[in-house]
Amino acid sequence: MAAPMLSFKRSDSIAESMPEALRQSRYQMKRCFARYVSKGKRLMKNQQLMEELEKSMDDKIEKNKLMEGFLGYVIVSTQEAVVIPPFVAFVVRPNPGIWEFVKVHADDLSVQGITPSEYLKFKESLFDENWAKDDNALEVDFGALDLSTPHLTLPSSIGNGMQFISRFMSSKLGDKTDNMKPLLDYLLTLNYRGEKLMINDQLDTVNKLQTALLLAEVFVSGLPKNTPFQKFEQRFQEWGLEKGWGENAATVKETLNCLSEILQAPDPVNMEKFFSRIPTIFNIVIFSPHGYFGQENVLGLPDTGGQVVYILDQVRALEEELLLRIKQMGLSIKPQILVVTRLIPEAKGTKCNQELEPIFNTKYSHILRVPFQTQTGILRQWVSRFDIYPYLERYAKDAATKIIDHMEGKPDLIIGNYTDGNLVASLMSMKHGIPQGTIAHALEKTKYEDSDVKWKELDQKYHFSCQFTADMISMNTSDFIITSTYQEIAGSKDRLGQYESHHAFTMPGLCRYATGINVFDPKFNIASPGADQTVYFPYTQKHKRFTNFHAEIEELLYSKVDNDEHIGNLADRKKPIIFSMARLDTVKNITGLVEWYGKNNRLRDLVNLVVVAGLLDPSKSKDREEINEINKMKSLIAKYQLTGQIRWIRAQSDRYRNSELYRCIADSKGAFVQPALYEAFGLTVIEAMNCGLPTFATNQGGPAEIIVDGVSGFQINPMNGDESSNKMADFFEKCQSDPSYWNKLSTGGLQRIMECYTWKIYANRVLNMGAMYGFWRQLNKDEKEAKRRYLQLLYNLQFRSLAKAVPIPADPAQVATGTTSGTTAIAIKRQPKERRTQSRLERIATNLLPRASTYKTRRDSS
């Protein structure tokens, strides 16, 4: 069916435009809506709506006409619909981040615009009708607290929060001199362990500051550019200026000029530049409690994977950028970065039982491990990330104490990772007033269809009641949110973004979020990670190559023997290699790539295929999905008779050897293929491009942002294998006739990486966010405080009780004396409580005063 060719303006209202469109196609729409309501109450997804629409129309011309018009556009843009005869309620998403809710009467086709809350109640009726009808059911609306916060308006602007904040601050501060007072007050707070930075208390008015800047700028203009700040520090102090302006006369002058221009006529470019130069961030804490966080022998252990690699690379980049900035500011401060994770006494041969561990290739960064405490002592064994919630409140307090003791003061910035790390970061940020950033890595709500409305079915296994509540608290507590791609925030035209799915949702019987998080909020920022360029570097840099791995790679690729490490062989070594490396699961689509290759004789004549994925023997896997994919791989190899053209290598964890494998494939003038059905970011794409390997990657998700099609690589459609495999064949045919074409794509990929996807770019952006949003929270402190109190209520009255209901491990003493088997925690099964007769709102009202006063007493005593 042809997709409609209309565009929808944000100012248009579907509720206003839809009645006339329905009237023009009344006969067809009556038949269509009759089909929608014919099966009674149900939740319909987009595909079902489209199928029922098709079945209701016999005339092909009329069908095409309808689909090309406004109604077709509405149906195509509908994410889901709730059917409760005679009504059908639609969630229409004409563009990323833009939602409208409408309800249509199936008999008379009348249309009514409804609020998100009204739609959610309608939806709840399918799952818990009593809850839907309860006027006192708990409803949370964070949007009501953001009415005075400026928001972006265009979908294309989503994720550019820092630039928007810079423009808004320029406007807010720029009307008249008195408006600069908040900036002056902020600068007066700058210090390091009590020592004033940039300005001192002499400059207590904007006019005094402007005069001092003028005197200082004239003075340094007469000095040689490389004159150290120490040579004129005393003169600056006489004018009320302290160190932190720069390391020499030239850098000091630039910073002075930047602030002078802001005070006269602020503009976004100077605003961003100035905040990147001021001394606000020296000590950073990064929370990542779950799993086995370490530098050796941890990858592959439960809940331990890419997040660990991301954070360690992140820390090295942040420390390097901090040291550079501190030097350029003319300071001699030693920064500190702490990755705070969990100490696990039963460490399985890792260093996860070691409290403090220096991070490799850094000077001032460490892993600080703090144990989980129970009523009877330290929890000794690993606990799943889904079962972690009962420990986090105590952990946040213990961690904060350790952090402040180690750093000899509060950190300047806290960054959380995943649900547990973000919640702990939120608790510490709220208590100590520290700027906070969050990184989701993965939002579980988007992984399991309808996991919000079906939370009760999944809660015993995943405790989504805790997780989704914690996510809502941390998203709304955070000053800024770091994402890797636009699609992570707001998806694409056809796919919902991970954060966008938290806009309005409900968990019947627990909580209704009329507004959870708004993707037009300026807290959203894109900072894409890179690959470690000491490991992933171009194949042309021969002097850096890891040649010690060449013999092993030769055996991996070309040995004629099948074993536990590899099966299949490459009969013609002269052919280039198309190469892929990923988990062996349905979404990563490695078997899809093998089938594309098997079907395309032209591609098979041109290249060999090498895949690194999963295990090779289904009997050795415990993952049902991987077992199915292993069996499918073997059947495809046999079906298409790929012996002599394919090499299947089991999953590899040594990233140094893997990086050299990329480069060896580049030596063969091959290419990398990432065929996933959906990929949130695409780290292997970044790694391959860093190594100079031309790359074909899925157009579904992050790689579509990384690759400029035909310039820095190729985008492929994972839903169209024939088209994708022919695109690869075309490339290799062109390379045969024009060898420089391969070099052109290799160079294009490297240029794209250096422009957009390095850890240096990432670190620069994140530190700028920390500085900019630190001031932003001061400008909006009243609104921030109101929201904090709202969030504190949600935490105290909702999350705490949910966390207490999560089963906890047995007494550690029992584990130590052998009354439990192995290291697996024994869950204490709690009997479900009787349903309470009070409404949730009544319970909150009953408990609010005593709990709130207890909380205040604790805060006062601390």
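## Helix H5 and its surroundings

In this predicted model, the buried residues of helix H5 are Leu71, Gly72, Tyr73, Val74, Ile75 and Ser77. Helix H5 spans residues 70-77, and six of its eight residues are buried, so the helix is largely enclosed by the rest of the structure.

The cover over these buried residues is provided by both helices and strands. It includes helix H1 (14-24), helix H2 (26-38), helix H3 (46-55) and helix H4 (60-67), together with strand E2 (78-84) and strand E3 (87-95).

## Packing of H1 against H2

Two of the helices that cover H5, namely H1 and H2, also meet each other. Their axes come within 5 Å and cross at roughly 100°. Angles of 65 to 115 degrees count as roughly perpendicular, and H1 and H2 are therefore roughly perpendicular to each other.

On the H1 side the contact involves Leu22, Arg23 and Gln24, and on the H2 side Arg26, Met29 and Phe33. By class, the residues of this contact comprise three nonpolar, one polar and two charged.

## The mixed sheet

An open sheet is formed by eight strands, with the order E11-E12-E10-E9-E15-E16-E17-E20 and mixed pairing. The edge positions are held by strand E11 (356-358) and strand E20 (524-526); each has a single partner strand, so one side of each is left without a neighbour in the sheet. From one strand to the next, the twist averages 25°.

Within the sheet, strand E9 (residues 283-287) pairs with strand E15 (residues 413-417) in the parallel sense, over four bridges. Val285 has Ile414 of E15 as its bridge partner.

## Nonpolar cores

The largest nonpolar core contains 78 residues, and the members that touch the most others are Phe236, Trp245 and Phe275. Helix H29 supplies the largest share of this core, 12 residues. Apart from this core lies another, of 73 residues, which includes Ile590, Val610, Ala729 and Cys735.

With residues up to four places away in sequence left out, Phe236 touches Ala216, Phe219, Val220, Phe229, Leu241, Trp245, Val252 and Leu256. Trp245 thus appears among the contacts of Phe236 and is itself one of the three residues that touch the most other core members.

## Packing of H13 against H29

Helix H13 (residues 268-275) meets helix H29 (residues 759-779), with axes that come within 8 Å and cross at roughly 105°. That angle makes H13 roughly perpendicular to H29. Met271, Glu272 and Phe275 of H13 make the contact with Ala771, Met772 and Phe775 of H29. By class, the contact has five nonpolar residues, no polar residues and one charged residue.

This contact has links to the largest nonpolar core: Phe275 is one of the core members with the most contacts to other members, and H29 contributes the largest share of the core residues.

## The loop at Gly240

Gly240 is located in the loop between helix H11 (233-238) and helix H12 (249-264). Its relative accessible area is 0%, and Gly240 is therefore buried.

Gly240 and Ile199 are separated by 41 residues in sequence, yet their C-alpha atoms are 5.7 Å apart in space. Leaving out residues up to four places away in sequence, Gly240 touches Met198, Ile199, Asn200, Gln202 and Leu203.

Key. Residues are numbered from 1 along each chain as its sequence is written. This is a predicted model: local features need pLDDT of at least 70, side-chain atom pairs count only at pLDDT 80 or more; totals for chains, interfaces and linings use all residues. Side-chain values use heavy atoms; hydrogens and water are left out. Axes are lines fitted to C-alpha atoms, for helices over the stretch in contact, and angles run from 0 to 180 degrees between N-to-C directions. Angles under 35 degrees count as roughly parallel, over 145 as roughly antiparallel, 65 to 115 as roughly perpendicular and the rest as oblique. Contact means heavy atoms within 4.5 Å. Ala, Val, Leu, Ile, Met, Phe, Trp, Tyr, Cys and Pro count as nonpolar, Asp, Glu, Lys and Arg as charged, and the others, Gly among them, as polar. A nonpolar core is a set of buried Ala, Val, Leu, Ile, Met, Phe, Trp, Tyr and Cys residues joined through side-chain atoms within 4.5 Å. Buried means under 20% relative accessible area, exposed over 50%, partly exposed in between (1.4 Å probe, protein chains only). Two strands pair if DSSP finds at least two bridges between them.
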